[in-house]
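Visitor: Could you pick one part of this model and walk me through it up close? I'd rather have a single connected tour than a list.

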Amino acid sequence: MYQPVDQGQSPPPDAATRRQGITRAGAAVIATMVLAVGTLLLGTAKAPSASANATTSDFAPTERHAKVARLVSSMFERSHYRQAPVNDPVSSLVLDRYLESLDGTRSYFLASDVAEFEKYRYELDDAITSGKLDPAFAIFNRFQQRNRERMAYAQKLLDSEPDFTVEETFEFDREHAPWAKTPAELDELWRQRVKNDALSLMLTDKTWAETRDVLKKRYERVAKRSEQITADDVFENFMNSFAHVFDPHSSYFSPRNSEEYRIQMSLSYEGIGASLQSVDDYVTIMEILPGGSAQASGELKAQDRIVAVGQGKEGEMVDVVGWRLDDVVDRIRGPNGSFVRLLVQPAKAPPGSQERVVTLPRKKITLEAQAAKKEIRTLKRGDKELKVGVITVPSFYQDYNARAAGDEQYRSTTRDVHKLLDEIKAEGGVDGLVLDLRENGGGHLSEAIGLVNLFVPKGPVVQLRETGGRVEVLESEEGGVAYDGPLTILVDRFSASASEIFAAAMQDYGRGLVIGQETYGKGSVQNLYPLDRYALGQDPGYGQLTVTIGMYYRVTGDSTQNRGVMPDLTLPSAISTEEVGESSREGSLPWNRIRPADFRREGAYASLLPELQRDHDARIAGDANFQYAVKEIAAIESMRSEKSVSLNLAKRKAEREARTQEQLARENARRTSLGEPVLKSATEIGDPPDAILGEAAQITADLSQLEPRFMARNARAAPGN
């Protein structure tokens, strides 16, 4: 029987990723290798994962690569949930994925290169199944040639200062741009790219001489980095292009990365608590991990880009654009209790946008730091005061080592939430409860099932369908319900896997009202295969593979895959559903359904939704904090929609100043509405109250008033199917 390693966790980024600090329960096992401060995924040409002596020779596949390719292809055909053959349609997609992994910005290859690669479109499947991988290495060698040419040209451009008074624009979003037809066209693209890099630095009041020095070192680093990759890196990247055709969570890890994972999994790490990825030469924050200093500060967000790193509270800021990811991580990590400063560009903002300095303490991420927490909010309805409890659940955790050692008091999400509910009862109880699962990427599936059991009696929670079609219904245990009052579950786009399983069960049973944003949509489960066990001889060095081997389904039979859990009441969010979530990832498995499980609903909220919506709409119209949040989200979406930037220095300065003044005006409008003193400078702006959580508490209070006997189960229980 297989041992699924996906315990309902959030999906890791595709490539070149490190987690600063201990990964959440089970997350590292699927597709991450833990290094000295987090996890590193496969190396690519843009972010190689291994150090080696610089070389300008072409790469070639080895016999070991051939054997691994044949083994991996057979395992995908036999074990992957899609049950798809490795054939010509797969080959065509592999070529597209491979070119995307090498040159996603379409800034290196010429159209003639891509046209030449067309001869491989329907040959890569045969190359993989036969182990004759020369086409994959030929494509990479051409990329390496173009990369050297581009870096040499970029450095040549620094010989003279650009004219920053010319009215022209740079298209920085080139995901769907056509390939350059001629070297001259590519030169023009790089002239604009280098000019934009320079302009972005000069917006920070650097002189041209200082800017040229920074860029010269930056481009030299990129060139050096591209010469440090190995044949194993090339092979790993190509095999991941193959794996991601089947789905984005299946991955191949080279022997080096597999060994790093095995060695480092037992270590403790000091960091900031963030998942990082190299994106177009910028180290980008992909996820804020529960329990870390990044989460505690609230100053870093997913998709923020790290431009420079400084040591301590006053150390010199060192530009890290173009650095190897692991070199940046080495600068960010450090002794527990020390500080690191990051110069950060806002998420998805155009290049050169206003940067900010974030100072964070380095600390170990402990189970205590990830634990569920509670607060009580007092709200008024007329002359009546209502108490609403808020329990924040950052992840579905479990102290596995303590449990295995026989410690009956081991920590877990279910146990901690039960304890918090008992404390709430002892303090006089509440009129309603909010479970805050925002940014909860998942964790242990058993904890999601256990948490359901605190609110619903014994019954099915989730269904698991294996590759072969067998369906297993996972149920909660027999036991007393810990809380039977009005309940809301607050979610966002980063609520994934185990969070979705819990929210879906509460929604399907009619036990809780789901509010917030459409969730991530990860409904698949992966299995880890150490490939050496399938090889002959000692220490064959085959690496390891994760393959999607199952799907989760709600008790209704619907999958959470791709669609996630749709909220009963929607609240605004700055997270883009087009850029974040399973539906945004190429190759993701489609939504489908199976037969429903045998369950009984606890209630039905449909009749209450119109009045809840009316009360919500009326309240937020006069809520200064909520309106401020809505306007901030609109400003972020406006920046996110930009695909190009001006290369005129004066114009860019004016645009930056206008954005700063607009932000100050929004903050002062909020303060004026609340009778607070206005600010003179945008640098004085701090973090406003959490308006979304505040409104979630208000909705919960409304719910408690609309249906005081909502949980009268016996009177309204009905079959679930």
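**A strand and its surroundings**

Guide: Asp-163 has a relative accessible area of 41%, which falls between the 20% limit for buried and the 50% limit for exposed, so this residue counts as partly exposed. Bear in mind throughout that you're looking at a predicted model. Asp-163 sits in the loop that connects helix H6 (134-157) with strand E2 (169-171). Follow the sequence from there to Asn-648 and you cover 485 residues, yet the two C-alpha atoms are 8.4 Å apart in space. That kind of long-range pairing runs through the chain: of the contacts with a separation of 6 or more, 77% are between residues 24 or more positions apart.

A quick look at the whole before we zoom in. The protein chain contains 22 helices and 24 strands, and 58% of its 721 residues are buried. About 29,000 Å² of the protein chain is exposed, with carbon and sulfur atoms supplying 49% of that area.

Now for the part I'd like to dwell on, which is strand E14 (432-436). Its home is an open sheet of six strands with mixed pairing, and the order across the sheet is E12-E13-E14-E17-E18-E21. Strand E12 (373-381) and strand E21 (569-570) are the edge strands; each has a single partner, so one side of each has no neighbour in the sheet. E14, by contrast, has a partner on both sides. E13 pairs with E14 in parallel through five bridges, and E14 runs parallel to E17 as well, with four bridges between them.

Asp-436 is a handy landmark for both pairings. Thr-392 is its opposite number on the E13 side, and Leu-490 in E17 is the residue it faces on the other pairing.

How covered is E14? All five of its five residues are buried, so the rest of the structure largely encloses this strand. In a regular strand, side chains alternate between the two faces of the sheet. In E14, Gly-432, Val-434 and Asp-436 are on one side, Leu-433 and Leu-435 are on the other, and both sets are buried, which leaves both faces covered.

Two helices lie across E14, and they're worth taking in turn. One is H15 (413-426), which crosses E12, strand E13 (384-392) and E14, and runs at about 40° to E12. H15 also packs on helix H16 (445-453), with an angle of about 25° between them and axes 8 Å apart. Angles under 35 degrees count as roughly parallel, so H15 and H16 fit that description. Where they touch, Thr-413, Thr-414 and Val-417 come from H15, while Glu-447, Gly-450 and Leu-451 come from H16. By character, this contact has two nonpolar residues, three polar ones and one charged one.

The other helix is H21 (691-706), which lies across E12, E13, E14, strand E17 (487-491), E18 and E21, at about 60° to E12. Leu-703 belongs to H21 and is buried, given its relative accessibility of 1%. Setting aside neighbours within four places in sequence, Leu-703 touches Pro-486, Leu-487, Thr-488, Tyr-605, Leu-608 and Leu-612. One of these, Leu-612, is 91 residues away along the chain, with 7.2 Å between the C-alpha atoms.

Moving along the sheet to its E21 end, strand E18 (513-516) is joined to E21 by two bridges, with the strands running parallel. Ile-515 is opposite Leu-569 in that pairing.

One last stop is strand E15 (460-466), where six of the seven residues are buried. Antiparallel pairing is the rule for both of the partners I'll mention: E15 has five bridges to strand E16 (471-475) and four to strand E20 (544-553). Arg-465 takes part in both, partnering Val-471 in E16 and Met-551 in E20. E15 and E16 make a hairpin with four residues between the strands, and in that turn Gly-469 has a positive phi of about 105°.

Terms used:
Residues are numbered from 1 along each chain as its sequence is written. This is a predicted model: local features need pLDDT of at least 70, side-chain atom pairs count only at pLDDT 80 or more; totals for chains, interfaces and linings use all residues. Side-chain values use heavy atoms; hydrogens and water are left out. Axes are lines fitted to C-alpha atoms, for helices over the stretch in contact, and angles run from 0 to 180 degrees between N-to-C directions. Angles under 35 degrees count as roughly parallel, over 145 as roughly antiparallel, 65 to 115 as roughly perpendicular and the rest as oblique. Contact means heavy atoms within 4.5 Å. Ala, Val, Leu, Ile, Met, Phe, Trp, Tyr, Cys and Pro count as nonpolar, Asp, Glu, Lys and Arg as charged, and the others, Gly among them, as polar. Two strands pair if DSSP finds at least two bridges between them. Buried means under 20% relative accessible area, exposed over 50%, partly exposed in between (1.4 Å probe, protein chains only). Accessible areas come from the Shrake-Rupley method with a 1.4 Å probe; for residues, only the protein chains shown count as cover.
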